[in-house]
Amino acid sequence: MKQIISFLSLLLLAACGHAEEALEGKVDLPPFHPKQYVCYRTAEALNIDGKLDEAAWQQAPWTDLFVDIEGDKRPAPSLATRAKMLWDDNYLYIAAYLEEPHLWATITERDAVIYYDNDFEVFIDPDGDTHGYYEFEVNAFNTVWDLMLAKPYRDGGPAINHWDINGLKSAVHLQGTINQPDDLDEGWSIEMAFPLDVLNEYNGGVPAKAGNQWRINFSRVQWQLDVKDGEYVKRINPDTNKSYPENNWVWSPQGFIAMHRPETWGFLQFSDVEAGKGEEAFVFNDDELVKWELYSVYHAQRLYRHATGRYTDELTALHKLKLPATKYVTSLAVTNSLFEAIATRPESDYQWHINNEGRTWRTKK
């Protein structure tokens, strides 16, 4: 019996070794250069009408112009998009302006799949752990879709579509005529007020407070259009007889055509400075470099398990998948179906953890 067990063990080891030799793919993360924005306070009540004409909005800085979701891999967008943010004790305010010569929308039902139209989208992860985050979409009719995700789709997270942002305010202002192909339009602006008491439901101990930072990103979905019988229609690819895929333009590039990778979103830093009354520098937390290294490990483990059917507790095995050099990881533990990695900086008071579902958290050293 011992001989049989030994023989089976050798077969298992050989199979695992062969699988490791056959590892394919690589950890393909974009460079870690997330966009950063200091969100100043507003002392005046904002009238949510989409016009952005209050003094506070005039003083709030615009973000950089949006880029393609894949970043430098793709050409710059053909139309300009940018956003700005403010906050007070009750709301996080977000505004955007979208250059648009052809204002178009079709969807009027709340919580429908808004990105089948041209739309603007907001993604917010208050505690930056990639789990428990919010998504909001709006089209030029001001039809909205708000939902919560317990975790990203890649980790099996369902979208909680019946959840609503109670107290949400949104409005659009059109500079042109919607669904009228016989003229050229200028664009549309959007104004949104997200109640902080709702967003704080999933803040993981990181409330909206001066000095705190949230992960956030914005996306613009843009379809190619033609005019047929006096109406806008999506442009058809003659090779597939289907509409061309939509363009995805974002504030902080994802590196992939996928918005549900919260680790690549930008940063919002809350400030107590009133908009127009001074400036505050964004303070980058170097622990984010530790978390980024853990995300690299997470993506490498996913590749490794896809190839071998299991996770590994050996960083050297992950380096075969072109895992970048690791300088912060201190331990890597696995079972047949789970893993946890821990990393820290010597200067930090915390050590950071990530598990097989991609969730990060910190503990005191």
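Is Asp226 buried, exposed or partly exposed? Asp226 counts as partly exposed, because its relative accessible area is 31%; buried means under 20%, exposed over 50%, and partly exposed in between (1.4 Å probe, protein chains only). Before the close-ups, a word on the model: it is predicted, local features need pLDDT of at least 70, side-chain atom pairs count only at pLDDT 80 or more, and totals for chains, interfaces and linings use all residues. Residues are numbered from 1 along each chain as its sequence is written, and side-chain values use heavy atoms, with hydrogens and water left out.

**View A. Asp226 pairs up with Arg235 in a salt bridge.** The closest N and O atoms of the two residues are 2.9 Å apart. That fits the rule for a salt bridge: a side-chain nitrogen of Lys or Arg within 4 Å of a carboxyl oxygen of Asp or Glu. Arg235 is partly exposed, at a relative accessible area of 30%. Elsewhere, Arg154, Asp155, Glu263 and Arg302 are joined into one network by salt bridges that share partners. The whole count comes to 17 salt bridges.

**View B. Lys151 meets Glu357 across 206 residues of sequence.** Their side chains form a salt bridge at 2.6 Å, N to O. Lys151 sits in the loop between β7 (144–149) and β8, and Glu357 in the loop between β20 (350–355) and β21 (360–364). (Strands are DSSP runs of E, at least two residues, and helices are runs of H or I, at least four, numbered from the N terminus.) Lys151 is buried at 19% relative accessibility, while Glu357 is partly exposed at 29%.

**View C. Asp164 and Arg110 make another salt bridge.** Here the N to O distance is 3.6 Å. Asp164 lies in the loop between β8 (159–160) and β9 (169–175) and Arg110 in the loop between β4 (91–99) and β5 (119–125), so the pair ties together parts 54 residues apart in sequence. Asp164 is partly exposed at 28%, and so is Arg110, at 40%.

**View D. Asp68 is buried and has no salt bridge.** You'll find Asp68 in strand β2 (residues 67–68). The nearest side chain of opposite charge is Arg74, 4.5 Å away (Lys and Arg count as positive, Asp and Glu as negative; His and the chain ends are not counted). The side chain of Asp68 does reach the backbone nitrogen of Glu70, at 2.9 Å.

**View E. Phe267 and Phe282 form a tilted ring pair.** Their ring centres are 6.1 Å apart and the planes meet at 55°, so the pair counts as tilted. (Rings of Phe, Tyr and Trp, using its six-membered ring, pair if their centres lie within 6.5 Å; planes under 30 degrees apart are stacked, over 60 edge-to-face, the rest tilted.) Phe267 is buried at 2%, and Phe282 is buried too, at 18%. Both belong to one aromatic cluster with Phe32, Phe284, Trp292 and Tyr295. Arg215 lies over the face of Phe267, 4.0 Å from the ring centre; for a charge to sit over a ring, NZ of Lys or CZ of Arg must be within 6 Å of the ring centre and within 35 degrees of the ring normal.

**View F. Tyr311 and Phe339 meet edge-to-face.** This aromatic pair is 5.1 Å centre to centre, with 65° between the planes. Tyr311 and Phe339 are both buried.

Terms used: A polar contact is a pair of N or O atoms within 3.5 Å; within protein, one must be able to donate a hydrogen and the other to accept it, and residues adjacent in sequence count only if both atoms are side-chain atoms.
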